Structure formats: structure tokens, C-alpha cells
Amino acid sequence: MFKDYNMNQVILPLDLEIRLQKNDIAFVIHHLVESIPYEAFESFVRHTGCPAYHPRMMLKIILCGYTQSAFSGRKMEDLTKDSVRMMWLAQGYEPSYRTINRFRVNPHMKELIRQCFVQFRVQLIQENVIDQEALFIDGTKVEANANKFTFVWKKAVEKHHRHLVDKSNEMYNELVEKRIIPELKKENDEQLSVEELTQIAETLEEVIEDYTKKIDSSDDTAVRKQLRKERKTPKQIVKQVYDWIRRKKKYMEDFEKFGTRNSYSKTDEDATFMRMKDDYMKNGQLKPGYNVQIATEGQYTLAYGVYANPTDTKTLIPFLDEIANVVNTRHARS
């Protein structure tokens, strides 16, 4: 004997919520997202164009997908069509994988993730799951999705910049001694700035233009030959000056990107080259990555921080300050 099974019988649609168990993960995700203040979603509001999916619904879909080990947008889209918990969270909507991916790379998602951690901590405290007596912090290095051979080293840039400074100062002193250009009022006695190099280049252009006019106005072959010979030096120098200007701008950009770091990747400028725990190449090669710091209590992740510094001792204080800001935000709203 079998239980009744008839594919031709019409079944009335029922609320999918009753199909879920009382302790289903979908309810946890639902209550977590619903506890996030409305202000965190205001940046997603649009007053023109086609009405968008509600950001609460989109966030629930993404979080639920992650709990089911579905990390791609296509898998999440499939779950909205055949997963009961996902269908309930989406309330029958089926956003495409493009919509899902566009939502989770939205720059405003950073604030939503922070709010999720805040509300998650609040719920753990309310249910007496954690006692806030201590935080356990550990870090790990995660390899960045960047090319391994696009490194830029700070020491190399400093070396090239130092050579540029020496050559440009030597060239400037020579031009002044030969009275090709007038002496400048330098802001820094040690090196020429980009503006000062540009001023030198413009002055050399004027000198070259004067030589050209004299050559065009002279009919004496010997004089014209002598003028061309004299014009050759500033023409060669001005090309070098423009190259120095370009390189100096690039070095200044590099120093700004470095900050307190010693390296960065060209394809992921926020990544720093560091040693990884998993050395699959077995050669100790530095790879672009991030230092991820995680704070836990009772095996629950309460806060995280992503840093470009490979040393944990230099990330501890900033991470603790970040945790303190999150706690203060929670107390201010409670």
C-alpha cells in the first residue's frame, strides 16, 4: 500500500512558512535582517526608473545562499525557484543572478554587513548566549585575487626616485651655470617639485623657440649651423625633463598608495605582498594578500577587519578601535 500520490490533482497554494521547521535557519536570517534600522537601507532608495527589489529581501537571499554553500549568483537564482526557505524569504520573487551580483557588489553593502554584525551581537546578548567577558582575536592571511607578478616595491621606487632627484638637481645646476635658464625660487633645496620641473621645461621650450626664430631669420649658413648646434642641447634636455615629470608623478602616486606599507599589487592596489601559510609553490614567494582579523566569543564571529599590513601587532589597535566603534553605535541606538 502506498500513500496517495496523484499528479493530476489540484493542490491549493499554501503559505510556505508552515513548510519550514520552527528552528529553520530562514527564520534566523529573517529576524536578523528585519532588526537592521531602516536608515541603513536609505542609500538604496531610487525615485526614478523601474521599482527595485527591496534591499531587505535581497540581503536575505544572499545570506541564505551563503548558509547553503551557494556563493555564486546563478546558484542563488536557482534556489529562489526550488528551495522552500529561499522562496519564502523572497516571497515568490525570482531576481536574476545579475541583479543579485550587482546588489552584493554595491558600495553601500559594506554598511549593511556592519549592521548585520551589530544586530547579530545584540541578539546573542539578549538570548544570553555570550557574556561579553572576553574577546578572542586571531588573524589569518588571505591571498588576493591579483596577479602574483604585478608587485611594486617601496625600496625600488625610493631608489629610482633618489636617482631622478640627483640627476634633475645636477641638470638644473648646469643649466643655471650656463645661463640657459634663470635661477628658480625653489620650495625645497633637496629636490625639484613637479611644478618646478614643469617651469623648467616651459622655459626650455621658450629658449628653443628663440633659437628657431633666429635660425629662420638668418641667411648666413655658418650662423644657422652654429645656432642649430646651440639649440641641440636644450632640445635634448627638455625631452629628459618631460620624462622626469612623468616619472616623478608616477613615483608620487606610488608613495601615496604605499602609505605605511612596503609593497602593493598593480592589479589590486589595496593588497600587500606577504608570506602565506599555504605555500603551494614551495619556494617562499611573497604573494598579494590581506591580513584578516576576526574576533569571536563562544565560537560566534562578532567582528572582523581586513588590513593590508601583514603584521598582527600593527593591526591589533586599529581592530580594537573598530570593535569599540561598533559597540558604541549599538549602545547609542539602544
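E34 is partly exposed, its relative accessible area being 38% (buried is under 20%, exposed over 50%, partly exposed in between; 1.4 Å probe, protein chains only). The model is predicted: local features need pLDDT of at least 70, side-chain atom pairs count only at pLDDT 80 or more, and totals for chains, interfaces and linings use all residues. Residues are numbered from 1 along each chain as its sequence is written, and side-chain values use heavy atoms, leaving out hydrogens and water.

**Exercise 1.** Find the salt-bridge partner of E34 and place both residues.

*Solution.* Apply the criterion: a side-chain nitrogen of Lys or Arg within 4 Å of a carboxyl oxygen of Asp or Glu. K60 meets it, with the closest N and O atoms 2.7 Å from E34. Now locate them. K60 sits in helix α2, E34 in helix α1 (residues 25-34), 26 residues apart. Helices here are DSSP runs (H or I, at least four residues), strands likewise (E, at least two), numbered from the N terminus. Last, check accessibility. K60 counts as buried because its relative accessibility is 6%.

**Exercise 2.** Classify the crossing of α2 and α5.

*Solution.* Take the axes, lines fitted to C-alpha atoms over the stretch in contact, with angles from 0 to 180 degrees between N-to-C directions. The axes of α2 (residues 55-67) and α5 (residues 97-104) come within 10 Å and cross at roughly 95°. So α2 is roughly perpendicular to α5 (65 to 115 degrees; under 35 is roughly parallel, over 145 roughly antiparallel, the rest oblique).

**Exercise 3.** Place D243 and R246 and compute their accessibility classes.

*Solution.* Both lie in helix α9 (residues 221-258), three residues apart. Their side chains form a salt bridge at 2.6 Å, N to O. D243 is partly exposed at 25% relative accessibility. R246 is exposed at 52%.
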